[in-house]
Amino acid sequence: MFKLDNSDTYEWPVKFGTIDAKGRKQAHTITLIFKRVEREEFIDIIRPDGEPELRTGAEVIESDLDYLLRFVLGWRDVEIGGDSVFNRDNLRALLNGVPSIHRLITEAFVESVNGGQQRKN
C-alpha cells in the first residue's frame, strides 16, 4: 500500500569529491534538507525564467544562492570555518569552496523528486 508523505521537508545525501593539499582525492557526503515541492513548483524550479546577462563571478554566485534557497532549507554533516549553521553566507562559502557543488545539489534534488531515480541524459 502506498501512503503519501505530506511532510514539509526531507533529507537527501549529496556526494562529491575534493582534492587535498597532497593531490589525493577525498570523497564526501553531506545531507541536505530539501523542501518537499508539488509538481507545479518543481517545474518552476527546474525551468526558471530567463536569467539576465551576468557579468561577474559574484553575480553568478548570488544567482545560484537565490536558486538553491528555493528548495534547500538546511544541512547536516557540513562545517564551514568551524560553523555548522545553515545560512546564506555559509552556503556561499560552500559554493565558492567546491565549484561543482551547485550542479551536484541540483542533480540530487531532481533525483530525490524523481523518487531516487537518476535522471537520464
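A helix crossing is called left-handed if the near helix is turned anticlockwise from the far one by less than a right angle, and right-handed if clockwise. The crossing of helix 2 and helix 3 in this model is right-handed. Bear in mind that this is a predicted model, where local features need pLDDT of at least 70, side-chain atom pairs count only at pLDDT 80 or more, and totals for chains, interfaces and linings use all residues. Residues are numbered from 1 along each chain as its sequence is written, and side-chain values use heavy atoms, with hydrogens and water left out.

Now for the core. The largest nonpolar core (buried Ala, Val, Leu, Ile, Met, Phe, Trp, Tyr and Cys residues joined through side-chain atoms within 4.5 Å; buried means under 20% relative accessible area, exposed over 50%, partly exposed in between, with a 1.4 Å probe and protein chains only) has 29 residues, and Phe 34, Phe 71 and Ile 105 touch the most other members. Helix 4 gives this core the most, 6 residues. (Helices are DSSP runs of H or I, at least four residues, and strands are runs of E, at least two, numbered from the N terminus.)

Follow Ile 105 outwards: setting aside neighbours within four places in sequence, its contacts (heavy atoms within 4.5 Å) are Val 14, Leu 32, Phe 34, Leu 68, Phe 71 and Val 72.

Then look at Arg 36, in the loop between strand 2 and helix 1. With 31% relative accessibility, Arg 36 counts as partly exposed. Beyond neighbours within four places in sequence, Arg 36 is in contact with Asp 5, Ser 7, Asp 8, Thr 9 and Tyr 10.
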